[in-house]
Amino acid sequence: MVEGRRRILVVEDDSETAEQLVESLSTSGYQVDLATDGEEGLSRARSADYAVMTIDRMLPGIDGLAIIRRLREDGIGTPALIISALGEIDDRVRGLRAGGDDYLVKPFAFAELLARVEALARRSATVVKETVLRVGDLRMDLVSRTVTRCGRDIELLPREFQVLEYLVCNQGQVVPRAMLLQHVWDLHFDPTTNIIDVYVGRVRRKVDDRQAYPLIHTIRGVGFCVRAPC
Amino acid sequence: MLLAKTLRSSTLKLALISIGIFGAVVVGLFTYVYWSTSSYVRSRADRGIAAEQAILQRAYDMGGRSALVDAIAQRMAEEHLQTGLYLFADSSYAPIAGNLDAWPPSLKDTNGWSNFSTREWKPDAPHQPLLRAALVTFPDGSHLLVGRDIEDLDKFAVQIETALALGISLIFALAGVASLYVTRRTVGRIEAINATSRSIMQSGLGKRIPLRGTRDEWDQLAINLNSMLDRIEALMGEVKQATDNVAHDLRTPLTRMRGRLEKAYGRPREGDEDQALISDTIAHLDGVLGMFTSLTRISQIEANDRTAGFRAVNLAEIANEVVELFDAAAEDRGAHIEAAGAPLALVSGDRDLLFDAVSNLVDNALKHGRDAGHVSVEVTRGDDGAAISVADDGPGIPATERRHVFKRFYRLERSRRTPGNGLGLSLVAAVARLHGADIEMLDNAPGLRFRLRFPRPTAS
């Protein structure tokens, strides 16, 4: 599903953060509109059709959650990424209940922001469910739950299969640790230990050891990325 | 100073109000006693006079004036009627018979009861006694006065009055003194507490309220306040310790980052080296930010009431998932990890937090346990609720250090070099508190066993 430049609305009052957001989203191929307060954000979100929007939780005027709530009341379903400087636990839940679609806690890595925005943008597009996924010489059959590389079977535990499936579904994108934990384990917290790295490390050993090239890459401080060499 | 405080004291005001109410009741009671006593005495005198009058009236009715004169003479001669007063006079008030020489001028032209005094009665007395008499005028115009000396009764009444007045004054005086004493005592004890509070505000938490050893409610209050101060002092100490640790644990990576950046700044730009440096610095920053995340996470768990979002959670499922997740980490260390115990143990809780807590315990068990050791996550279900325990077969924790391990940033000396920020067990403790779970450290011989014991779910 190829479009032109996808439009994204950034609602952020801190000028430096806003500038960084606009820059990194623009270089990633988005056409970025910036709103610096709640009122402006609300009117822009109502007037144009955006693929995704990012909303700061604390804004002068209307706060971020109220904007999302009002948009949803108006029937505008633009996926929203809530960016919050408040702690994670309570606010996250409240943010999602208000109709936001994902959350990110400040400070964050821009790679993680991009990954989450990408995921939201894809969610808004229609996705045809594939039964066979391919990346490089790796082939995943989602029906028979088998993985092969160059025709050779790779034995994975069910959970390892889910991890690889999620990474391959998002191939070319960085998948942050917390996002992996959220989608594969349905857990909503930032792990304080390096356990996810260790777990993915084992998947990588099974998938990449004694192969022509590695597929699973670790993006330091953020998460993982599956991609084949060009 | 103390006097002024005593006078301002609410205790004194309360005491004075009570004295006022009590005093009014006593005065009312005494007035009633006085009134009823004196009216009883007076009515007795009146009955006596009326009886005398009736006898004389009958004599007059039967035998006329002469019979009356005889009767008067007869009654005057009797010993026990010495206080009696008799006077029979004609229509112009000229005395005919009796023990008064003249009709008292104030009693002319009246009938019925009268109180009076006259010189004719006991002329030698220093002052004229009070007399009471009943007067009657006969059909022929002559007058009869029958009375009695009631000076003694009057004295009796005065005595009662004096006694009552004295009693009331004494009661008021005693009550006043007592309330002043009680108030002063109360104000004194409160002043001791106030003085301690002031000196705490001025010079720190070292001071304590002195006890009197009387074991009364004031001593109880002082004991409670003192133990509250002990607790606050301990908490302040912990906070200070934690702050120092935060400062230290933050300063170290930040100093390292600063040094690196400074070195890079003074050096010509080189692509690869700069990239490695920047990437290292970001990793260090992530460590610092992670510490902040852990700290705020613990504070939030402790501060917010999240019990409203509790659901039924199966501990066995959490145990299996954590074991599955840590299987790779255990494999890396050549260790073995397994889940055991009951397949179903429901508790009411928050799955994310419980998962995080158990995975912290398992992470600790793997890090601090024996190399190539054995870690087991066991779920039990008893009558008094479910429990999940994480056991290793490593060196364990000395009993003397056990109570410290839940403090933020606390790390055993030998663990200083293993990665971690000393916040994991604080998080476990916070999660346990939120769930009302008891956390125990048991000897696994060899090794250590952490056990979280949950209360029975009340919903089902």
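Me: What makes the span of helix H3 (residues 151-203) of chain B close to the expected one?

Reply: In this predicted model, H3(B) has 53 residues and reaches 77 Å from its first C-alpha to its last, and the expected span, which is 1.5 Å times one less than the number of residues, comes to 78 Å. Helices are DSSP runs of H or I with at least four residues, strands are runs of E with at least two, and both are numbered from the N terminus. H3(B) is followed by Gly204(B), whose phi is positive, near 110 degrees.

Me: Why is Trp185(A) called partly exposed?

Reply: Trp185(A) has 19 C-beta neighbours inside 10 Å, and because a residue is buried with 20 or more other C-beta atoms within 10 Å of its own and exposed with 12 or fewer (C-beta atoms being placed from the backbone), the class in between is partly exposed. Trp185(A) is found in the loop between H7 and helix H8 (195-208) of chain A.

Me: How do you know that S11(A) and strand S12 (residues 223-226) of chain A pair?

Reply: Pairing needs at least two bridges found by DSSP between two strands, and S11(A) and S12(A) have 4, in the antiparallel sense. Ile219(A) stands opposite Gly223(A) in S12(A).

Me: Why is one side of strand S10 (174-176) of chain A left without a neighbour in the sheet?

Reply: The order of this open sheet in chain A is S10-S12-S11, and S10(A) stands at an edge with a single partner strand, so one side has no neighbour in the sheet.

Residues are numbered from 1 along each chain as its sequence is written, and chains are lettered from A in the order in which they are written. In this predicted model, local features need pLDDT of at least 70, side-chain atom pairs count only at pLDDT 80 or more, and totals for chains, interfaces and linings use all residues.
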